[in-house]
Amino acid sequence: MSKLFQPTQLKQFYLQNRVVMAPMTRARTTQPGNIPNQMMATYYSQRATAGLIISEATQISDDSQGYSFTPGIYTDEQVAGWSKVTHAVKQQGAAMFCQLWHVGRVSHPTFQNGELPMAPSALKPVETQVWIADEQGNGEMVDCVEPRAMEQADIERVVSDFASAAKRAIEAGFDGVEIHGGNGYLIDQFLRTNSNHRTDLYGGSRSNRIRFLLEVVDAVSKSIGANRVGVRLAPFITFKDMDCPDIVPTILEASKQLQARDIAYLHLSEADWDDAPVIPESFRVELRKVFTNAIIVAGSYTQQRANEVLDKGYADLVAFGRPFVSNPDLVSRLKHQQPLSDLDPSTLFGGSDGGYTDYKAYFGR
């Protein structure tokens, strides 16, 4: 049997296979309050034949949001909503981690009570937009604004918010949390020289630029245990104005420090567009040298590519994104080499159950 479908362990968690459902923003929360709901519970449970599900990116506070209808994990109502989701998923056998994010400068005053978003430095991201919609789902893409540079008190508060959100996630029934450190959001903004022009302990050298990430990881680990913590990084993704010439060695240094903290896993977000850069094999070799715990990879993986990266030992689990949207029974389809259904991109963000929970299993078509 292909390694992809073999059971495995992730720290203390038994996984029924090595297939991961990648975190994907779907913007289906109940308003007001960005509250997870029964429709989301149905959506995730339909896909819970995966070994591990990583939730869509979830706000840690009321000022960490950058897009309409994305869920939070900082109010009692949000925790109660997520509890419905985790209960439904666990009944189907999957483990589930909650992806925690703070978007930093990829936001708008609309989500900040009229104030400017926070970022490492007051640098507006070029050609970067966020989706803003009313409660009926009518919205548009809007340019990001120039953020304000975070002060020390802001940094300390956000670190604390991550830790509090992690504790809330465990209360909601998640097995652990994934700290979103990639794709141009706040932690990634600290890691990169082009978005971080600070001259204090959080800017300049690699050790300074990874300091914020490590402070978040340490605080979250203290809150729920390092064995329940994963981190997502994106060394080769440069959209949202994130082209940093020093990011690859920075990521390798950060990964070395994360291994020393014995976290559960490292999740590589790889570019998934048609002409995306190919990840050099030399990077995978170097990463495996410095990080020996579980590695998850994600980025337009086919079953063949998944098997190759597993067989070479560069990864331990493989995450699938878009194929899971339109194929709730993706694990079975891959295992039995059944054709995959195409997704309807017009229904990806916002809306009702159309293009969300109404995709059929192969034998239910």
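Is lysine 11 buried, exposed or partly exposed, and what is its relative accessible area? In this predicted model, lysine 11 is partly exposed, with a relative accessible area of 31%. Its side chain meets that of aspartate 262 in a salt bridge, with a distance of 2.8 Å from N to O. Lysine 11 lies in the loop between strand E1 (8–10) and strand E2 (13–15), whereas aspartate 262 belongs to the loop between helix H7 (247–260) and strand E13 (265–269), so the pair ties together parts that are 251 residues apart in sequence. Aspartate 262 is likewise partly exposed, its relative accessible area being 37%.

A search of the whole structure finds 16 salt bridges, and two further pairs involve residues of helix H8 (residues 281–290). In one of them, the side chains of lysine 312 and glutamate 281 meet at 3.6 Å, N to O. Because lysine 312 lies in the loop between helix H9 (303–311) and strand E15 (317–320) while glutamate 281 is in H8, this pair ties together parts that are 31 residues apart in sequence. Lysine 312 is exposed, with a relative accessible area of 51%, and glutamate 281, at 40% relative accessibility, counts as partly exposed. In the other, arginine 288 forms a salt bridge with aspartate 316, and the closest N and O atoms are 2.7 Å apart. This pair, too, links distant parts of the chain, with arginine 288 in H8 and aspartate 316 in the loop between H9 and E15, 28 residues apart. Arginine 288 is buried, with a relative accessible area of 18%, whereas aspartate 316 counts as partly exposed at 24% relative accessibility. Elsewhere, Asp63, Arg157 and Asp161 are linked in a network of salt bridges.

The burial of arginine 288 can be placed in the setting of helix H8, in which Phe283, Arg284, Leu287 and Arg288 are buried. Seen down the axis of H8, these buried residues fall within an arc of 130 degrees, so they line one face of the helix. In an α-helix there are 3.6 residues a turn, so residues three or four places apart point the same way. The face of H8 turned away from the buried side carries the exposed residues Ser282 and Lys289. On the covered side, the buried residues of H8 pack against H7, E13, E14 and H9.

Strand E15 is covered on both faces, with Leu317 and Ala319 buried on one side and Val318 and Phe320 buried on the other. This arrangement can be read against a general rule, namely that in a regular strand the side chains alternate between the two faces of the sheet. Strand E3 (residues 19–21) pairs with E15 in the parallel sense over 3 bridges, and the bridge partner of valine 19 in E15 is valine 318. Strand E14 (residues 294–298) also runs parallel to E15, to which it is joined by 3 bridges, and alanine 298 stands opposite alanine 319 in E15. Between these two strands the chain crosses from E14 through H9 to E15, and this β-α-β crossover is right-handed.

Phe320 of E15 is also prominent in the interior, since the largest nonpolar core has 86 residues and those with the most contacts inside it are Phe212 and Phe320. Leaving aside its neighbours within four places in sequence, phenylalanine 320 is in contact with residues including Leu4, Val19, Met21, Tyr301, Ala306 and Leu330. Apart from the core of 86 residues lies another core, of 16 residues, among them Val20, Leu52, Phe97 and Tyr265.

Strand E11 (residues 176–180) is mostly covered, as 5 of its 5 residues are buried. Gly176, Glu178 and His180 lie on one side of E11 and Val177 and Ile179 on the other, and both faces are covered. E11 pairs in the parallel sense with strand E6 (residues 95–101) over 4 bridges, and in this pairing glutamine 99 stands opposite glutamate 178. E11 also pairs in the parallel sense with strand E12 (residues 229–233), again over 4 bridges, and the bridge partner of isoleucine 179 in E12 is valine 231.

Terms used
Residues numbered from 1 in each chain as written. Predicted model: local features only at pLDDT ≥ 70, side-chain atom pairs only at ≥ 80, totals over all residues. Heavy atoms only, no water. Buried < 20%, exposed > 50% of the residue type's maximum accessible area, 1.4 Å probe, protein only. Pairing = 2+ DSSP bridges. Salt bridge = Lys/Arg side-chain N within 4 Å of Asp/Glu carboxyl O. Core = buried A, V, L, I, M, F, W, Y, C linked by side-chain atoms within 4.5 Å. Contact = heavy atoms within 4.5 Å. Right-handed = clockwise from strand over helix to strand, strands pointing away. Arc of directions from axis to C-beta.
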